[in-house]
Amino acid sequence: MINNDLNKLSLPKFSQIDPANVRSIISQQLENNKQQLKIILAQEGPFTWDNLMQPLEAMQDDFNKMWSPIAHLHSVMESDALRKAYRETLPIITEYYTSLAHDEKLFAAVSSLAKSEHFQSLSSAQQKVIENEMRDFKLAGVHLPPQQKKEMAALQQKLSTLTTTFSENILDATHAFIYHTTDEKKLDGLPEKSLQLAKEEAKKRDLRGYVITLDYPAYSAVIKYVKDRTVRKILYEAFATRASDQGPHAFKWDNTPIINDILKVRYDIAKLLGFKNYADYALVPRMAKTTDEVMNFLNDLAVKSKPFAQKEYQTIIEFAQQEDHITDFAVWDLFYYSEKMHEKYFHFTQEELRPYFPIQKVLSGLFSILQQLYGITFKEEKKVDLWHPDVQFFLLYDEKNQLRGGLYVDLYARPHKREGAWMDDCHSKRRIDQERMQYPVAFLTCNFMPPVGSQPALLTHDEVLTLFHECGHCLHHLLTQVNHPAVGGINGVPWDAVEFPSQLMENFCFEKETLAQISSHIETGETLPDHLREKIIQAKHFQAALQMIRQLEFSLFDFRLHMEFDPTQTDQVQDILNDVRQKIGVVSVPAYNRFQHSFSHVFAGGYAAGYYSYKWAEVLSCDAYEVFKEHGVLDHATGQSYLKNILEVGGVRNPMESFIAFRGRQPSIDALLRENGIAP
Ligand SMILES: [Zn+2]
């Protein structure tokens, strides 16, 4: 008998996805949507929630439910046919969204609704959906007069070309350089796996001996493990000058003018929309509201962390002197001696922790922790159409035994599955009509080492953190009580706050009470002993201030750049970077260093004026976690308060309000500093 609750979820039928049909069914659906939109907008009006937003929401949701399982399958069970279908279909979807975002009739309809008296009678979630729509239309420039709208389109097009060129330059510069040697001694210290890789790279090029490339895994292994300083120096110089006016390929793929053009275009976009600078523009949909707020936040962290970072740096320099009589410590020695110190003081590796974390113990422990905190129970369902036999499916119930949603858990690495770990939504919570509710469903995907023979899969502690982190995203999506997909679960949550619930979950992996539930030695059944737990915590604090300063340098550079950029000035990029380094930096870098020329997060990714968000969300999660610590980490009342104030509210309420509702005050950086061992 099939559980009736399974029917309520209307789960996708993965086994019936046929790559041959993907393109046509998606095109068809989007075509239907477009026709429907025409009919909706042709109504006489006045526009209301029921005659405008509700049908829009329904058609958007229909499309998402059709596309999300296909996109998911493409990530976890790729085949040539599916890849082809996916690539063919993606442009059609992009085109659809672009046309929606620039639809003037739709904009006019939503505007009239936003200004109507009817708007006041809507629920806060409905109002938020409409406000977000209006905000996004305006950020896209739909309200601008025709000439400026044209300019806007041209700027967006130019930006897209520039960021692509930026990435291509890095790729070309990265591939152009190799370090070749036939002398194995030069690579002394390199782990066996990396040495093998270097051999293969040489073979690929018909060379004898070894080849080190600038691909990150190869480069980082050298900078961390190779004993020979000169080799580290050569690699460092090449890596730190990629796509720039310096180093072995100076000026060949130089990103200097590209960076300037990108900043200029972003500046023009912001100006066109009436903002003072790009940082102001970027903050509109975020939790941080003003540039001052972000700058004060970053500077505050920097001031408090710098003395600790200086001390840590000094310790590494002294260590290098004691170990190898290094008197002219340089930046290419930093990671090498830092790694050596780690080995010397901690004497343990993540590998040694594996026997304590058999996957099923971790998973059942995690579920039991969630039950204690939030009253949520997980019930496995076997009669579900899955894409692979390793995948598990769970139904989630709350304390009142009410169905809350469903979760797919896909833990192991296998061929044709994308690397890394992530959470994705399958579908969102939505009230379909008076009687029917659509429950949210999420995908939790990891790439852990699969079980070998009769032994179950064993996790490192880092992997346990990953599992908890992704589970935090899933809970945020699944436990929502908002019935409108655009602002329910993880949707509509400001981008600088979205990592808050996931990072919060990581904290539970360091506590005695929780480790007792998620660990059990594969042979002895013993939980993780105290001395290993202490080592994990010490390792977490190891050079934490140096890492903090590094992240703050990136954040301040990115933010100031987008706040201070002035198209009439020259050399501003390097000047700002130098100024940031001079003010908060601890590690001195050579003048030829051009890290900014390969800073893809900011110049090719979505992090422009947004790198600060990593630390921002960390502050929220650490500070919120203190409440759990104050009341006992598994305190049910605290869990319930967190559930009500943070997890259930989706993107409806301003996250600062939600935070204050839970914490009783505004966020403070002190908890993060303590977590990193930077403050007492
Ligand atoms: Zn995350």
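**A walk through a predicted chain, starting at strand β5**

Hello everyone. Let me begin in the sheet: strand β5 pairs with strand β9 (residues 441–448) in the parallel sense, over six bridges. Two strands count as paired if DSSP finds at least two bridges between them. Helices (H or I, at least four residues) and strands (E, at least two) are DSSP runs, numbered from the N terminus. Before going on, a word on the model: it is predicted, so local features need pLDDT of at least 70 and side-chain atom pairs count only at pLDDT 80 or more, while totals for chains, interfaces and linings use all residues. Residues are numbered from 1 along each chain as its sequence is written, and side-chain values use heavy atoms, with hydrogens and water left out.

Back to the strands. Along the β5 and β9 pairing, D410 stands opposite T445 in β9. β5 also pairs with strand β4 (residues 392–397), this time in the antiparallel sense over six bridges. There, F394 stands opposite L407 in β5. The hairpin of β4 and β5 has five residues between the strands, and N401 takes a positive phi near 65° in it.

Is β5 buried or exposed? Of its 10 residues (403–412), 10 are buried, so this strand is largely enclosed by the rest of the structure. Buried here means under 20% relative accessible area, exposed means over 50%, and partly exposed lies in between (1.4 Å probe, protein chains only). As background, in a regular strand the side chains alternate between the two faces of the sheet.

Now let us step back to the whole chain. It has 28 helices and nine strands. How does the radius of gyration of this 680-residue chain relate to that of a compact globule? The chain has 27 Å, which agrees with the value near 26 Å for such a globule. That radius is taken over C-alpha atoms, and the globule rule is 2.2 Å times the number of residues to the power 0.38. The C-alpha atoms fill a box of roughly 80 × 70 × 55 Å along the principal axes. Of the 680 residues, 54% count as buried. The chain exposes about 30,800 Å², with carbon and sulfur atoms supplying 52% of it; accessible areas come from the Shrake-Rupley method with a 1.4 Å probe, and for residues only the protein chains shown count as cover. Among contacts (heavy atoms within 4.5 Å) with a separation of 6 or more, 74% come from residues 24 or more positions apart.

Next, a few residues in helices. H469 is found in helix α18 (residues 461–478) and is buried, at 13% relative accessible area. Its side chain joins that of H473 in a polar contact of 3.3 Å. Such a contact is a pair of N or O atoms within 3.5 Å; within protein, one must be able to donate a hydrogen and the other to accept it, and residues adjacent in sequence count only if both atoms are side-chain atoms. Leaving aside residues up to four places away in sequence, H469 touches E499, S502, Q503, M505 and E506.

Q29, in helix α2 (residues 19–41), is also buried, at 13%. With the same kind of neighbours left out, up to four places away in sequence, Q29 touches M59, D62, F63 and M66.

Finally, the cysteines. How many disulfides does the structure hold? Zero, where a disulfide is a pair of cysteine sulfur atoms within 2.5 Å. For C471, the nearest cysteine sulfur, that of C474, is 6.0 Å away; C471 is buried at 2% relative accessibility. Why is C622 without a bond to C509? The sulfur of C509 is the closest cysteine sulfur to that of C622, but at 13 Å this is too far for a bond. C622 is buried as well, at 8%. Thanks for listening!
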